[in-house]
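Student: I'd like to go through this one label by label and hear what earns each of them. Can we start with the buried and exposed calls?

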Amino acid sequence: MAKAPVAGEVKTRMVPPLTQEQAADLYHALLLDQLEHVQRFPSVELYLVYTPENSASLMKQLAPPNFKCLAQRGGDLGERMNAAFIDLWQLGHRRVTLIGSDLPALPLSFLETAFERLATSTHQVVLGPSRDGGYYLVGMNQSTPEIFQDMTWSHDQVLAQTTDKLGKLGIRPALLPVWFDIDSFEDLMQLKALSERSARGALKRTLSYLEGLGLFDRLNQSDQ
């Protein structure tokens with residue numbers, strides 16, 4: 001699930017300290033790193049589900065050759081995610097996961113676990129909890145539109161409200177390890193720590209861009 005990397009439309013919570021153009025460039029780097037990284041996950045069909053609809057030409061240029069592109073449909077995020085599941089099921093897929101485009105390259109073991117859980121009759125929903133109280137991944141093997149309905153998005157109770165909805169439906173979701181997305185300047189602290197341990201190869205554009213801006217130097221100074 002991705003937005004076109006247009007200034008003023010993405011990563012707006014990082015403005016300031018970034019300019020709108022810098023925030024869009026950062027999002028662009030995160031998106032390209034994620035698309036390249038996910039290609040390493042075998043035996044799946046890959047889709048870039050994008051918004052806005054009039055960005056089709058741009059998004060097709062950004063997508064690697066083995067990605068198919070689909071326009072998002074609907075109003076809020078919940079409607080658009082539910083529509084993406086419907087579109088992909090209509091294309092014949094039975095196990096579907098959606099991930100965000102503004103994540104540090106997601107460990108492929110998380111995706112492997114998600115599809116393994118969806119291959120069983122025990123779990124019809126898989127969620128990847130994010131550190132901000134939302135989720136970075138949602139997967140299903142059958143329609144469960146209720147989890148997208150009457151939701152307020154972008155707050156720290158999204159995961160809790162979603163699991164509560166599932167509980168009322170008698171559904172126990174499988175939960176993946178916690179991960180994070182880049183929504184604020186503070187999130188760069190987590191990215192900086194991650195980059196010092198591993199995954200530099202999967203985040204080469206993002207880290208190079210941040211280093212070029214001198215943001216890691218500023219973070220080092222704030223640590224002192």
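Tutor: Let's start with Asp87, which has a relative accessible area of 17%. The cut-off for buried is under 20%, with exposed over 50% and partly exposed in between (1.4 Å probe, protein chains only), so Asp87 counts as buried. Bear in mind that this is a predicted model: local features need pLDDT of at least 70, side-chain atom pairs count only at pLDDT 80 or more, and totals for chains, interfaces and linings use all residues. Residues are numbered from 1 along each chain as its sequence is written, and side-chain values use heavy atoms, leaving out hydrogens and water.

Student: What makes Asp87 and Arg73 a salt bridge?

Tutor: Their side chains meet at 2.8 Å, N to O. The rule asks for a side-chain nitrogen of Lys or Arg within 4 Å of a carboxyl oxygen of Asp or Glu, so the pair qualifies. Asp87 sits in helix H3 (residues 77-90) and Arg73 in the loop between S3 and H3, 14 residues apart. Helices (H or I, at least four residues) and strands (E, at least two) are DSSP runs, numbered from the N terminus. Unlike buried Asp87, Arg73 is partly exposed at 40%.

Student: How do you know that Lys68 and Glu45 form a salt bridge?

Tutor: Their closest N and O atoms are 2.9 Å apart, so they pass that same distance test. Lys68 lies in strand S3 and Glu45 in the loop between H1 and S2, so the pair ties together parts 23 residues apart in sequence. Lys68 comes out at 45% relative accessibility and Glu45 at 47%, so each is partly exposed.

Student: Which parts of the chain does the Glu36 and Lys204 pair link?

Tutor: Glu36 is in helix H1 and Lys204 in helix H7, 168 residues apart. The closest N and O atoms are 3.6 Å apart, so this one is a salt bridge too. Glu36 has 22% relative accessible area and Lys204 has 45%, so both are partly exposed. Salt bridges that share partners also join Asp33, Glu36, Arg40, Lys204 and Arg205 into one network. A search of the whole structure finds 10 salt bridges.

Student: How do you know that S2 and S3 pair?

Tutor: DSSP has to find at least two bridges between two strands. S2 and strand S3 (residues 67-71) have 5, running parallel, so they pair. One of the matches puts Leu48 opposite Cys69 in S3. Strand S1 (residues 2-3) is joined to S2 by 2 bridges, also parallel, and Ala2 stands opposite Tyr50 there.

Student: What makes S2 mostly covered?

Tutor: In S2, 6 of 6 residues are buried. Leu46, Leu48 and Tyr50 cover one side, with Tyr47, Val49 and Thr51 on the other.

Student: Which residues touch the most other members of the largest nonpolar core?

Tutor: Leu106, Leu137 and Leu191 do, in a core of 49 residues. Membership needs a buried Ala, Val, Leu, Ile, Met, Phe, Trp, Tyr or Cys, joined through side-chain atoms within 4.5 Å. H1 gives the most to this core, with 8 residues. A second, separate core of 23 residues includes Met1, Val49, Ala84 and Val158.
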